[in-house]
Amino acid sequence: DEIMTVLEVDTAAARYEDSAAPPYPPGLLEKRIEGLVAVQYVVDTTGRADTASFLVLSTTHADFARSVRATLPQMRFRAAIMHSQKVRQLVQQQFSFKIDTTLLARQKKP
């Protein structure tokens, strides 16, 4: 099976909004450390990520990358389309881990 890039497909693979998302690593949340992780993986024709293709391109902390890697099998995607056929697509995605300070403030109030 050939793997297409986002530039080659007619409709790119996309994660469903209600799909699993990587949780904030508790230790980093507790220390209020924010960060980013950029990863690469292949989304197959069934809309699942091929975990064997997972590659961390960059990360500000290894725990962010571990969170994404652990959640990837539960993520669901619309498969890429090329010439009216579902195809495998190489995806490069950045995950941003930001702390919602309003939520933290509400959690601290009695």
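1. Let's start with arginine 88, which lies in strand E7. Keep in mind throughout that this is a predicted model. Is arginine 88 buried or exposed? Arginine 88 is buried, yet it has no salt bridge. The nearest side chain of opposite charge belongs to aspartate 50, and that one is 4.2 Å away. A salt bridge here needs a side-chain nitrogen of Lys or Arg within 4 Å of a carboxyl oxygen of Asp or Glu, so have a look at this pair on your screen.

2. Who else does arginine 88 touch? Leaving aside neighbours within four places in sequence, arginine 88 is in contact with Asp1, Glu2, Ile3 and Met4. Its list also takes in Val42, Val43, Asp44 and Thr45, plus Asp50.

3. Now step back to the whole chain. The protein chain has 3 helices and 7 strands, and along the sequence they follow the pattern β-β-α-β-β-α-β-β-β-α. The C-alpha trace spans about 55 × 25 × 20 Å along its principal axes. Of the 110 residues in the protein chain, 35% are buried.

4. Contacts tell you how distant parts of the sequence meet. Take the contacts between residues at least 6 apart in sequence: 75% of them join residues at least 24 apart.

5. Strand E3 (35-43) deserves a good look. Why can we call E3 largely enclosed by the rest of the structure? Because 8 of its 9 residues are buried. E3 pairs with E7 in the antiparallel sense over 9 bridges, and with E4 in the antiparallel sense over 6 bridges.

6. You can check both pairings residue by residue. Glutamine 40 stands opposite glutamine 92 in E7, and it also stands opposite leucine 55 in E4. Alanine 38 has serine 58 as its bridge partner in E4.

7. Don't skip the turn. E3 and E4 form a hairpin with 5 residues between them. Within that turn, glycine 47 has a positive phi of about 85°.

8. On to the largest nonpolar core: how many residues does it have? The count is 24, and the residues with the most contacts inside this core are Val37, Val39, Tyr41, Val68, Phe95 and Phe97. The elements giving it two or more residues are E3, strand E4 (49-59), H2, strand E6 (80-82) and strand E7 (85-97).

9. Valine 37 makes a nice example from that core. Not counting residues up to four places away in sequence, valine 37 touches Val56, Ser58 and Thr59, along with Phe64, Ala65 and Val68. The rest of its contacts are Gln93, Gln94, Phe95 and Phe97.

10. Which residues of H2 are buried? They are Phe64, Ala65, Ser67, Val68 and Thr71. Seen down the axis of H2, these buried residues fall within an arc of 155°, so they line one face of the helix. They pack against helix H1 (26-30), E3, E4 and E7.

11. Last stop: threonine 71, found in helix H2 (residues 62-71). Why does threonine 71 count as buried? Its relative accessible area is 8%, and buried means under 20%. Not counting residues up to four places away in sequence, threonine 71 touches Ala20, Ala21, Pro22 and Pro23.

Methods
Residues are numbered from 1 along each chain as its sequence is written. This is a predicted model: local features need pLDDT of at least 70, side-chain atom pairs count only at pLDDT 80 or more; totals for chains, interfaces and linings use all residues. Side-chain values use heavy atoms; hydrogens and water are left out. Helices (H or I, at least four residues) and strands (E, at least two) are DSSP runs, numbered from the N terminus. Buried means under 20% relative accessible area, exposed over 50%, partly exposed in between (1.4 Å probe, protein chains only). Contact means heavy atoms within 4.5 Å. A nonpolar core is a set of buried Ala, Val, Leu, Ile, Met, Phe, Trp, Tyr and Cys residues joined through side-chain atoms within 4.5 Å. Two strands pair if DSSP finds at least two bridges between them. Lys and Arg count as positive and Asp and Glu as negative; His and the chain ends are not counted. The arc is that of the directions from the helix axis to the C-beta atoms.
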